[in-house]
Amino acid sequence: MLRTVFRSSTPAFAWLDLVEPSRADLDEIARTYGLTASAVADCLDPEHLPKFEHFDGTSFAILRAHDERADARADTIQSFTRKVAIFWGAEFLITIHRKDQPYLSTLMQQWEHRRATPEESRPLWADLLADLTNAAVQTYERPLEDAETRVDAFEAQLLSKHDVAEVVRELYQLKRQVTLAKRLLWRTLGVATRYPLPGERSGSLMQDLRENTESMHFYADELVEDVVNLLHMQLSLAAHRTNEVVQVLTIFSAFFLPLTFIVGIYGMNFEHMPELSHRLGYPGVWVVMGLVCVGIWLWFRRRGWLK
């Protein structure tokens, strides 16, 4: 369905929005506005990454915004984000997407009430393009804030007893989400950097757009680093707990190994073992085993292995 979101006669400009396009719809749009066939074909690729291309008289960009309806554990491009394709020229801008998206609907409402004046100092497509890109970038703020909250929660329970395998699994899934957001924001920053600059004021507008995108990308980059560090700390603590268990088992083994050796000797019951017929043979063996245990305990204390 193609609809006109915004139209101005002075200066001449129109924002057209196409939702759930068929191949025939895209072909008609391409013929009407002289769009490049290869760029129009990219609209049908559901996993296309952000990009920018310039053709004779028209430009083309793909943006990916976080899908507000995505599952909390979504960690693939198609499940985590939604794509919007943008074509624009001097007097038009066309947005093409498969599903309605809340951030686009909000922006459309704002532009439906916008009033252009003949004294506009920059093309309206520059304002709209900056608004579209900023709105797409801002959709990553909520999932990144949620990720930061989850990181803080993991840090709070870092030293508590819990299922290590489950925590590592959740941290790894969180790392995939934040890394995906960082990757898409980096690609979006590359797109914003290549936008044309029609005039001095448009230059400042695009500079603000790039700074906002860079800020969001740095936010995602810091979260990736925090998650990686937390994952390493969790694995290190798990290894430390394992070492503590092994240490306890080793201490028990050190006590019982010589005792088992002594018991093994006297368990052979050879006929000519003088201790077997001696009156003090049994208590003597107990005394020897006790002295062995005390000697091992003193040695461990001296090495600092026992407190």
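## Around I86

Set aside the neighbours within four places in sequence, and I86 is in contact with S59, F60, A61, L63, L93, I94, T95, L129 and L132. Keep in mind as you look around that this is a predicted model.

I86 also belongs to a bigger story. The largest nonpolar core has 30 residues, and those touching the most other members are F13, W15, I86, W88, L93, L132 and Y195. Two of those names, L93 and L132, also turn up among the contacts of I86.

## Who builds the core

Which strands and helices each supply at least two residues of this core? On the strand side they are β1 (2–9), β2 (12–19), β4 (59–66) and β5 (81–88). On the helix side they are α4 (102–112), α5 (124–138), α7 (164–194) and α8 (200–266). Helix α5 gives the most to this core, with eight residues.

Apart from that core lies another one, made of 28 residues. Its members include A70, F80, L184 and L230.

## T81, tucked into a strand

Now for T81, which lies in strand β5. Is T81 buried or exposed? It counts as buried, because its relative accessibility is 1%, and the cut-off for buried is under 20%.

The side chain of T81 has polar partners. One is the side chain of R64, in a polar contact at 2.8 Å. The T81 side chain also reaches the backbone oxygen of I77, at 2.6 Å. Leaving out neighbours within four places in sequence, T81 is in contact with R64, A65, H66, D67, T76, Y140 and L184. That last name, L184, is one of the residues in the 28-residue core.

## T76, out in a loop

T76, one of the contacts of T81, is found in the loop between β4 and α3 (77–80). This residue counts as partly exposed, because its relative accessibility is 38%, and partly exposed covers the range between 20% and 50%.

What does T76 touch, once neighbours within four places in sequence are left aside? The answer is T81 and L180. The side chain of T76 also makes a polar contact with the side chain of S79, at 2.6 Å. Then there is Q177: it is 101 residues from T76 along the chain, and the C-alpha atoms of the two are separated by 7.8 Å.

## Salt bridges

How many salt bridges does the structure hold? There are nine. Side chains of opposite charge can pair when their charged atoms come close.

Start with K51, which has two of these partners. D42 forms a salt bridge with K51, where the closest N and O atoms are 3.0 Å apart. E53 forms one with K51 as well, and here the closest N and O atoms are 2.6 Å apart. K51 counts as buried because its relative accessible area is 15%, and D42 is buried too. E53 is partly exposed, because its relative accessibility is 24%.

Elsewhere, D221 forms a salt bridge with K182, the closest N and O atoms being 2.7 Å apart. This pair links distant parts of the chain: D221 sits in helix α8 and K182 in helix α7, 39 residues apart. Both ends count as partly exposed, because D221 has a relative accessible area of 29% and K182 has a relative accessibility of 25%. Back at K51, salt bridges with shared partners join D42, K51 and E53 into one network.

## Along α8 and past its end

V228 has its place in helix α8. It is partly exposed, because its relative accessible area is 22%, and anything under 20% would count as buried. How far apart are the C-alpha atoms of V228 and L276? They are separated by 64 Å, although the two residues are 48 residues apart along the chain.

There is also a nonpolar surface patch to look for, made by F261, I265, M268 and F270. Its area is about 420 Å². F270 has its place in the loop between α8 and α9 (274–277).

## An odd angle at E20

One last stop is E20, in the loop between β2 and α1 (23–33). Its phi is near 50°, a positive value in a residue other than glycine. Most residues other than glycine have a negative phi.

Technical notes
Residues numbered from 1 in each chain as written. Predicted model: local features only at pLDDT ≥ 70, side-chain atom pairs only at ≥ 80, totals over all residues. Heavy atoms only, no water. Core = buried A, V, L, I, M, F, W, Y, C linked by side-chain atoms within 4.5 Å. Buried < 20%, exposed > 50% of the residue type's maximum accessible area, 1.4 Å probe, protein only. Helix = DSSP H or I, 4+ residues; strand = E, 2+ residues; numbered from the N terminus. Contact = heavy atoms within 4.5 Å. Patch = residues over 30% accessible without salt bridge, like charges linked within 9 Å, V, L, I, M, F, W, Y side chains within 5 Å. Areas by Shrake-Rupley, 256 points an atom, 1.4 Å probe, with all protein chains shown as cover. Salt bridge = Lys/Arg side-chain N within 4 Å of Asp/Glu carboxyl O. Polar contact = N/O pair within 3.5 Å; in protein donor to acceptor, adjacent residues only side chain to side chain.
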